[in-house]
Amino acid sequence: MAKKEQSTEAIYDARTLGTGKMLILGIQHMFAMFGATVLVPALTGLNVSTTLFFAGIGTLLFHLVTGRKVPAFLGSSFAFLGAYGLVTASGANIPLTYSSIGVAVAGFLYLILALLFKLFGPNRVMRFFPPIVTGPVIICIGMSLAGSAIKNCGTNWLVAIVAIAVVVACNIWGKGMIKIIPILLAVVISYVFALIVDPAVRANVVKKVSEASWIGLPVIWENTGLSIFGKDLDVSMLITAIVTIAPISLATIVEHIGDMCAISSTVGKNYVADPGLHRTLLGDGLATSLAALFGAPANTTYGENTGVLALSKVYDPRVIRLAAVFAIVLSFCPKFAAIIVAMPLATMGGVSLVLYGMISGVGVRNVVENRVDFTKSRNVLIAAMIMGLAIGVNYNGAIQIPIGSITISLSGMAVGALVGILMNAFLPGKDYEFGADLQGDTSVNFGTRANKL
């Protein structure tokens with residue numbers, strides 16, 4: 001029996017595959033994360049090269065912190081799309097550099113939660129973030145962003161519909177890798193279609209690609225969050241960005257826990273226990289803060305790569321680290337970044353419309369799978385206040401709070417999340433217990449495959 005177990009384990013060990021197969025598997029993992037990772041900077045205006053560079057660096061940092069045990073890739077988080085869109089929508093006209101500091105602070109909250117998980121355990125910490133709070137918050141993130149997707153679709157609805165149709169077709173009828181990378185396929189097919197039918201798109205792509213260099217540094221100082229700390233620092237704007245964006249981490253922390261459970265289930269090892277959620281949260285938080293400080297999106301563990309693990313049956317974390325190295329190498333090619341920057345708005349609109357809807361969808365899933373009891377008045381009131389404030393304030397502009405010479409602008413998302421947490425903490429009748437229902441606890445997932453819903 002022991003010999004049989006050793007033989008089975010050897011199948012999953014990349015050392016038995018040889019260098020060539022390991023390289024191919026690493027490239028496959030890179031492409032699995034690729035479409036979603038580069039789409040975030042395309043939608044937000046962040047730098048594509050910087051994003052790829054810190055996706056690779058963040059993944060390697062995560063593996064270092066977790067003792068090189070967990071086969072997880074860290075790519076751009078879609079949950080934080082709302083960080084940039086909501087701050088901009090608040091009317092404060094906050095630049096991406098200030099938003100990056102807000103995301104960095106959200107990453108530091110991971111470190112605090114990691115310490116609390118280590119000291120008190122997940123059950124006692126997660127009781128403050130039950131599905132009646134996280135579910136409506138996630139729903140509102142997607143709903144608040146949908147308007148920008150429709151606006152982009154409006155530039156060429158035919159191109160946008162092609163992108164939407166590819167995502168739907170791949171998820172419903174796709175097999176194998178096609179089902180895993182619908183976003184990448186939608187971007188490529190819709191992009192090519194736009195090049196064929198729209199001369200303006202062709203001209204823009206040729207112009208941007210011809211002007212870009214083959215080799216360049218992936219980090220530009222003026223685009224980093226650190227660049228704001230000087231004589232022209234706007235303290236009000238900085239505080240507004242932090243207060244607006246930091247609460248989004250409440251949802252992504254639950255997402256992280258879900259991804260760790262999914263990877264554990266796929267591989268057959270309990271990563272929640274070893275290396276432990278405190279280590280995985282620490283690695284994810286450090287990667288997010290580091291990326292944000294240097295102008296890249298927040299990082300998160302990627303469900304797409306978990307799907308590749310399930311397909312390939314190769315669970316060796318070294319293959320993931322190879323993918324991270326490939327991403328870092330590609331980040332030094334500005335011509336590639338130019339192709340992404342020149343992507344048609346309608347392509348981005350079609351893909352993002354699906355993604356934003358999926359974000360709201362996983363919020364609904366979070367509430368449903370945890371069987372939140374809406375016959376209880378406390379639950380109805382909490383959900384009502386979160387959604388009413390998040391959407392209502394977003395439509396009418398941020399809430400301005402003057403404190404001395406500083407004015408703090410609170411977006412709808414920030415107000416809704418904070419009110420929801422406080423109401424849940426003080427109203428009687430709490431009935432959520434983390435760990436009682438694994439399916440419910442791990443139902444929050446911002447991966448880009450619609451079949452996760």
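Trainee: Let's start at Leu 309: which residues does Leu 309 touch, not counting residues up to four places away in sequence?
Mentor: Happy to, and keep in mind that this is a predicted model. Leu 309 has a place in helix H15, which covers residues 303-312. Leaving out residues up to four places away in sequence, Leu 309 touches His 29, Pro 71, Thr 266, Val 267, Val 314 and Tyr 315.

Trainee: Is Leu 309 buried or exposed?
Mentor: The cut-off to keep in mind is that buried means under 20% relative accessible area. Leu 309 has a relative accessible area of 0%, so Leu 309 is buried.

Trainee: How far apart in space are Leu 309 and Ile 320, C-alpha to C-alpha?
Mentor: Leu 309 itself sits in helix H15. Along the sequence, Leu 309 and Ile 320 are 11 residues apart. In space, their C-alpha to C-alpha distance is 9.7 Å.

Trainee: Let's step back to the whole protein chain. What percentage of contacts between residues at least 6 apart in sequence join residues at least 24 apart?
Mentor: First, some background: the secondary structure of the protein chain comes to 21 helices and 4 strands. The protein chain has 453 residues, and buried residues make up 55% of them. Among contacts between residues at least 6 apart in sequence, the share joining residues at least 24 apart is 83%.

Trainee: And at the surface, what percentage of the exposed area do carbon and sulfur atoms supply?
Mentor: The protein chain exposes about 18,600 Å². Of that area, the part supplied by carbon and sulfur atoms is 67%.

Trainee: Now the interior. Which helix gives the largest share of the largest nonpolar core?
Mentor: The largest nonpolar core has 100 residues, and those with the most contacts inside it are Leu 39, Phe 78, Phe 117 and Val 351. The largest share of this core is 10 residues, and these come from residues 345-369, that is, helix H18.

Trainee: Which residues does Val 351 touch, not counting residues up to four places away in sequence?
Mentor: Val 351 is one of the residues with the most contacts inside the largest nonpolar core. With residues up to four places away in sequence set aside, Val 351 touches Leu 39, Ala 163, Ile 183, Ala 186 and Val 187.

Trainee: How many residues are in the second, separate core?
Mentor: Look around Tyr 98, Ile 101, Ile 228 and Leu 238, which this core includes. The number of residues in this second, separate core is 6.

Trainee: Back to H18: how far apart are its end C-alpha atoms?
Mentor: H18 is mostly covered, with 19 of its 25 residues buried. Just after H18, Arg 371 takes a positive phi of about 50°. At 1.5 Å a residue, H18 should span 36 Å, which agrees with the distance between its end C-alpha atoms, 35 Å.

Trainee: On to charges. Which residue forms a salt bridge with Asp 274?
Mentor: The structure holds 3 salt bridges. In this one, the closest N and O atoms are 2.8 Å apart. Asp 274 is partly exposed, with a relative accessible area of 42%. The partner of Asp 274 is Lys 69.

Trainee: How many residues apart in sequence are the parts that Asp 274 and Lys 69 tie together?
Mentor: Asp 274 lies in helix H14, whereas Lys 69 lies in the loop between helix H3 (48-65) and strand E1 (74-76). The pair therefore ties together parts whose separation in sequence, in residues, is 205.

Trainee: Which helix holds both Glu 211 and Lys 207?
Mentor: The side chains of Glu 211 and Lys 207 meet in a salt bridge, at 3.1 Å from N to O. Glu 211 counts as exposed at 55% relative accessibility, while Lys 207 counts as partly exposed at 48%. The two are 4 residues apart, about one turn of the helix, and both lie in residues 199-211, helix H11.

Trainee: Is Asp 316 buried or exposed?
Mentor: Asp 316 forms a salt bridge with Arg 318, with the closest N and O atoms 2.6 Å apart. Arg 318 counts as partly exposed, at 29% relative accessibility. Asp 316 has 10% relative accessibility, so Asp 316 counts as buried.

Trainee: Last one: how many disulfides does a search of the whole structure find?
Mentor: Two cysteines are worth a look here. Cys 170 is buried, with a relative accessible area of 8%, and Cys 333 counts as buried at 16% relative accessibility. For the whole structure, the number of disulfides found is 0.

Note on methods
Residues are numbered from 1 along each chain as its sequence is written. This is a predicted model: local features need pLDDT of at least 70, side-chain atom pairs count only at pLDDT 80 or more; totals for chains, interfaces and linings use all residues. Side-chain values use heavy atoms; hydrogens and water are left out. A nonpolar core is a set of buried Ala, Val, Leu, Ile, Met, Phe, Trp, Tyr and Cys residues joined through side-chain atoms within 4.5 Å. Buried means under 20% relative accessible area, exposed over 50%, partly exposed in between (1.4 Å probe, protein chains only). Contact means heavy atoms within 4.5 Å. The expected span of a helix is 1.5 Å times one less than its number of residues. Accessible areas come from the Shrake-Rupley method with a 1.4 Å probe; for residues, only the protein chains shown count as cover. A salt bridge is a side-chain nitrogen of Lys or Arg within 4 Å of a carboxyl oxygen of Asp or Glu. A disulfide is a pair of cysteine sulfur atoms within 2.5 Å.
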